[in-house]
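Biologist: Let us go through this model together. Please give the reasoning before each value.

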Amino acid sequence: MPGKDYSLPLVVGVDVGGTKIAAAVVDAEGRISGRVRLPTEASSPQATLDCIARAVDGSIQEAGIARNQILEVGLGIPGLVDPQDGIGINSVNLSWQNVPVKVRLEARLHLPCTIENDVKAAALGETRFGSGRGLDNLVFLSIGTGIAAAIILDRRIYRGLNGMAGEIGHAMIRPDGPLCKCGGYGCFEALASGPAIAARAEKELQNHRESTLTGMKVSAESVYTAAAEGDALALEVARAVGEDVAFVIQFMALAYEPQLVVLGGGVPRAGRTFLDPVIQALDRQAEENWVFKAVYKPGFLQVTKLGGDIGVLGAAALAAPSQ
Ligand SMILES: [Zn+2]
């Protein structure tokens with residue numbers, strides 16, 4: 001770290017993804033050094049664990065510090081995780097089934113390791129280092145290829161019985177909606193994930209509607225770019241998606257009364273064109289519904305300001321003891 005000017009303790013945060021593994025040394029203020037990114041070696045669970053260990057070693061080396069200066073390693077892992085026993089129970093992205101992550105990594109790294117689901121870790125990262133710094137109650141909603149939420153209640157991750165709390169991507173919000181990959185119809189994920197947004201635009205294009213998207217390979221990104229340029233079809237899709245996202249946010253706001261809802265994942269990176277229709281729908285709901293209005297304050301909904309660092313910072317928050 002520059003000039004060794006950092007706040008103790010130092011931890012390593014590891015964002016374990018299906019395509020890449022990112023690790024970095026993080027100090028108590030969320031300052032990052034020694035970033036390392038490796039392509040995920042996914043030929044076997046052991047190969048992935050070796051890859052994680054190399055990323056951790058690499059980040060400590062890059063940061064120019066000694067291993068014994070690291071207090072702990074935190075790891076955000078996609079899928080279902082048992083943090084108590086340190087087991088990766090099920091991860092489709094990593095092809096993991098009951099992998100003893102903690103035991104194996106601790107034996108290899110000689111550092112204590114804490115694991116958690118990546119979205120739950122990100123929510124904690126927001127309360128430690130992001131817009132929700134110092135807040136006790138927060139909802140984090142990740143919208144990307146898939147959708148999941150995480151809930152912080154009284155400064156702790158709320159996991160539910162088996163860690164499934166927040167898996168609202170598969171909450172059915174429109175019974176007449178499209179088929180979801182889980183087998184259900186009208187799941188939130190089948191309406192508002194990146195691929196679902198592209199599919200909604202494709203469907204409109206099949207009705208021979210005129211659009212700058214005609215003939216293009218449609219993605220959520222291209223839909224929001226077209227919306228930003230005033231394309232009517234794309235604006236209509238953005239508005240419809242905004243309604244569905246607002247519906248879920250209103251539901252979670254009334255269920256948990258968080259101080260803040262933070263959006264993460266790839267889709268909200270579109271910025272205002274994504275956010276504005278959501279806020280317009282929420283504003284309207286608040287006007288119509290005084291109960292919701294009571295929990296919906298200005299600035300209630302934000303896109304994460306931690307950008308691409310949210311993964312490693314969330315993982316670091318697992319390891320950094322709370323202030
Ligand atoms: Zn589903």
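Biologist: Which residue in β12 is the bridge partner of Ser142?

Modeller: This is a predicted model, with local features needing pLDDT of at least 70, side-chain atom pairs pLDDT 80 or more, and totals for chains, interfaces and linings using all residues. Residues are numbered from 1 along each chain as its sequence is written, and side-chain values use heavy atoms, without hydrogens and water. Strands β9 (138–143) and β12 (260–264) pair in the parallel sense over 5 bridges (strands are DSSP runs of E, at least two residues; pairing needs at least two bridges). Within β12, Ser142 has as its bridge partner Gly264.

Biologist: Which strands are the edges of the open sheet that holds β9 and β12?

Modeller: The sheet has 5 strands with mixed pairing, in the order β11-β10-β9-β12-β13. Pairing on one side only marks the edge strands, β11 and β13.

Biologist: What is the arrangement of the 4 donor atoms around the zinc ion?

Modeller: The protein donors (N, O or S atoms within 2.8 Å of the metal) are His170 ND1 and the SG atoms of Cys180, Cys182 and Cys187, at 2.0 to 2.4 Å. Their residues follow the spacing H-x9-C-x1-C-x4-C. The donor atoms subtend angles of 102 to 127°, and four donors qualify if all angles lie between 85 and 135 degrees. The arrangement is therefore tetrahedral.

Biologist: Are His170 and Cys182 buried or exposed?

Modeller: His170 has 35% relative accessibility, and Cys182 has a relative accessible area of 45%. Buried means under 20% and exposed over 50%, with a 1.4 Å probe and protein chains only. Both values fall in between, so His170 and Cys182 count as partly exposed.

Notes
Donors = N, O, S within 2.8 Å, 3.2 Å for Na, K, Ca; no water. Tetrahedral: all angles 85-135°; square planar, octahedral: opposite > 155°, others 65-115°. Helix = DSSP H or I, 4+ residues; strand = E, 2+ residues; numbered from the N terminus.
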